[in-house]
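Please open the structure in your viewer and keep the sequence panel beside it. The tour below suggests what to select at each stop, and what to look for once it is selected.

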Amino acid sequence: MTPARPASAISLYEADYLSWLEATAAALKRRDYGAIDWENVIEEIEDMGRRERQRLKSNLVILLLHLLKWQFQPDKQSNSWKASIVEHRQRLEDGLEASPSLKPYLETIFTRAYENAVERAAAETGLSEMAFPKDCPYTVSQIMTKGFLP
């Protein structure tokens, strides 16, 4: 059993995240680099990159999910599916505009995102995963085209 760390050893980062952010920003503005908690700054920057990539993948999966549902359940097409397609396409566009370096990542995760979308589509529709194409029937260009519906 690891002994509890004394309260004085708990960093501001662990005790009060918002205060840590504010103190770090203030120290950076003063160029007081000695006061910077560099280990946690580096961790936060790395986490920011991971969150951006995860957000992109999540929006891609949802977009593909609703495109699949739209195509494979035409009798159940709804404005909410269409709105979700528009919303997640816009989120992808916004993410890529803010961070153009994510474009190659989008291409890299496209196949895995499609597999996730198929799994979710099967769960939501009651259709077998075999009812959906093994390979994505849409290109990145198509799904990013405003108004595209299969």
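Begin by selecting residues 1–9 of this predicted model, where pLDDT stays under 50 and where the model has 1 contact beyond four places in sequence. Where pLDDT is low, the predicted coordinates should not be read in detail. Now colour the whole chain by confidence: its mean pLDDT is 91, and 93% of its residues reach 70 or more. Among the elements of the chain, confidence is lowest in helix 1 (residues 12–15), with a mean of 85, and highest in helix 5 (residues 103–125), with a mean of 96.

Next, select helix 2 (residues 17–29), whose 13 residues should span 18 Å at 1.5 Å a residue, and whose end C-alpha atoms are 18 Å apart, so the expected and modelled lengths agree. Which residues of helix 2 are buried? They include W20, T24 and A27, and because these cover an arc of only 65° around the axis, they lie on the same side of helix 2. An α-helix has 3.6 residues a turn, so residues three or four places apart point the same way. If you turn to the face of helix 2 that looks away from its buried side, you will find the exposed residues L18 and K29. Add helix 1 and helix 3 (38–72) to the selection, since both are among the parts that cover the buried residues of helix 2. Just beyond, helix 2 is followed by R31, which has a positive phi, near 60°.

Now move to the largest nonpolar core, which has 29 residues, and select L60, L64, L68 and I143, the ones that touch the most other members. Two or more residues of this core come from each of helix 3, helix 4 (79–98), helix 5 and helix 6 (140–143). Centre the view on I143: leaving aside neighbours within four places in sequence, I143 is in contact with L60, L63, L64, L67, R89, F110, Y138 and F148. A second, separate core has 5 residues, including W20, A27, I36 and V41.

Finally, select helix 5 and look along it to F110, where helix 5 bends by about 50°. F110 is one of the buried residues of helix 5, which also include L106, I109, A113, Y114 and A117, and the buried residues of this helix pack against helix 3, helix 4 and helix 6. End the tour at G126, just after helix 5, which takes a positive phi of about 85°.

Note on methods:
Residues numbered from 1 in each chain as written. Predicted model: local features only at pLDDT ≥ 70, side-chain atom pairs only at ≥ 80, totals over all residues. Heavy atoms only, no water. pLDDT = per-residue confidence, 0-100. Helix = DSSP H or I, 4+ residues; strand = E, 2+ residues; numbered from the N terminus. Contact = heavy atoms within 4.5 Å. Expected span 1.5 Å × (residues − 1). Buried < 20%, exposed > 50% of the residue type's maximum accessible area, 1.4 Å probe, protein only. Arc of directions from axis to C-beta. Core = buried A, V, L, I, M, F, W, Y, C linked by side-chain atoms within 4.5 Å. Bend = angle between axes of the 7 residues up to and from the residue.
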